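Grab a coffee and pull up the coordinates. Here are a few short exercises, each with a worked solution.

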Amino acid sequence: MTVHLVSMGCARNEVDSEELAARLEAGGFQLVDDAEQAETVVVNTCGFIEQAKKDSVDTLLAAADLKSDGTTRSVVAVGCMAERYGKELAEALPEADAVLGFDDYQDISQRLRIILAGGSLEAHVPHDRRTLLPLSPVDRPEAAASVSVPGIHTAPDLPTEVTPASGPRAATRRRLSSSPCAPLKIASGCDRRCAFCAIPSFRGSYLSRPVEEIVAEGRWLVDHGVKELFLVSENSSSYGKDLGDLAHMEKLLAGLDRIDGLYWIRISYLQPAELRPSLIDAMLTTDKVVPYFDLSFQHASGPLLRRMRRFGDADSFLGLIEGIRERCPGAGFRSNFITGFPGETDRDVETLADFLQRARLDVAGIFAYSDEEGTEGAELSDHLDDDVIAERREMLADLIDELVSQRAEDRIGEHAPVLVEEVTPEAVVGRAPHQGPEVDGTVLLPADCGVGVGEMVEVGFIGSEGADLIGELR
């Protein structure tokens, strides 16, 4: 029984895929790297925005085409899109042999056995997963034992060889990558009610993992070749609020910092309104934590942010950035923004453009607003024309490209440690502390510089190409 896993979307999905991989392997399946050699192709879908959903559907259809070649017998959809739409997706996409939700993950190997034996599984009817846990965060850890939350629960049903060998039994995991950087899930779900986002409805309420469990998994990852731990969740600055102490993040960083053989700790997706001084202090003073601030701004116009059910404005965001830069001038900043939210005015766009120019972010993403079913934004009356949204997005994207290139140029003449991630005949590719994995640019070194994957080297920056830096060993 051979199976190939395709992971779409974010790093959180990557962790879920590695949980599925471990469960499948423990259930007797053989994981293969080539989809064409797999009897079953499992696609871990993304359900975030329209383009991500389209990409997931296209991937499922491409996998279904393999069934005509003889080896591939079944295609299974899992992940956020499968959870969010369930039976509706199964009816719209008969090319998929099954659509499985999060509640199927614990018995995933048995589900695939049924499908390979010619059986069928009825897709679930989606429901709001926020209702599965108590409203009060502190009541959730005890209630969570009966709820399926990918990447969160311990797995006493699996053999020890697929779970961390030291410390508490951490979430099931089987690495699918040889990268020296690995995502490490610290929590799942979200309690925020942003008017444009449907994630809480299908990912559920916020639920933190215990510090000791995360540290144990982090130690296991380092034992399996990882040099950088990338802490992921829907909202990392809320970590620990359901454990009775928001300072749990500071405790977590201290625990991870003590792992021998680990070089870097990086935190993703922080809410500006929740970025308390003690967390900033911990990020800037804990040895292995890189000064990297992935801040979810979404816009810079105060009135529009409030309409989005967000907090802050351009001045407060700039004050946050400047305060961090005063303490650490080389700190890295990245964020994502939405343009075209209902009611957005030309003045709002001007405010965002001005903020981008003043903030000097290392990386920024700009997304065109699109309605998501079940969100407040979809019910608003003053929607903008698609052409207007596209025009605004194109203008802001061009501005961001220029500003990101300028910010990279500002770093020429500086030096920093670089984690080597890839060696090719053309170049050695790595990342500096201000560059997150996959989306934040890279550092390019000469192919003949004599370093290998997983090494940490000191590099001087001598040039730039867009967000990428060109370096030389010091």
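**Exercise 1.** What percentage of the 474 residues in the chain is buried?

*Solution.* Keep in mind that this is a predicted model. Take buried as under 20% relative accessible area. With that cut-off, buried residues come to 56% of the 474 in the chain. Then look at the outside: the accessible surface is about 19400 Å², and carbon and sulfur atoms hold 48% of that.

**Exercise 2.** Work out why the chain can be called as compact as a globular protein of its length.

*Solution.* Start with the inventory: the chain has 15 helices and 18 strands. Next, the radius of gyration is 22 Å, close to the 23 Å that the globule rule gives for 474 residues, so the chain is as compact as a globular protein of that length. For the overall extent, the C-alpha trace spans about 60 × 60 × 50 Å along its principal axes. Finally, check the contacts: of those with a separation of 6 or more, 74% link residues 24 or more positions apart.

**Exercise 3.** Find which residues of α15 are buried, and name elements that cover them.

*Solution.* First, get the helix straight: α15 covers residues 386–410, and its 25 residues reach 36 Å from first C-alpha to last, close to the expected 36 Å. Next, list the buried positions, among them I389, L396, L399, I400, L403 and V404. Two arginines, R392 and R407, are buried as well. Last, look at the cover, which includes helices α12 and α13 along with strands β12, β13, β17 and β18.

**Exercise 4.** How far apart are the mean positions of the positive and negative charges?

*Solution.* Count 46 positive and 82 negative charges, then average each set: the mean positions lie 5 Å apart.

Conventions
Residues are numbered from 1 along each chain as its sequence is written. This is a predicted model: local features need pLDDT of at least 70, side-chain atom pairs count only at pLDDT 80 or more; totals for chains, interfaces and linings use all residues. Side-chain values use heavy atoms; hydrogens and water are left out. Helices (H or I, at least four residues) and strands (E, at least two) are DSSP runs, numbered from the N terminus. The radius of gyration is taken over C-alpha atoms; the globule rule is 2.2 Å times the number of residues to the power 0.38. Buried means under 20% relative accessible area, exposed over 50%, partly exposed in between (1.4 Å probe, protein chains only). Contact means heavy atoms within 4.5 Å. Accessible areas come from the Shrake-Rupley method with a 1.4 Å probe; for residues, only the protein chains shown count as cover. Lys and Arg count as positive and Asp and Glu as negative; His and the chain ends are not counted. The place of a charge is taken as NZ of Lys, CZ of Arg, CG of Asp or CD of Glu. The expected span of a helix is 1.5 Å times one less than its number of residues.
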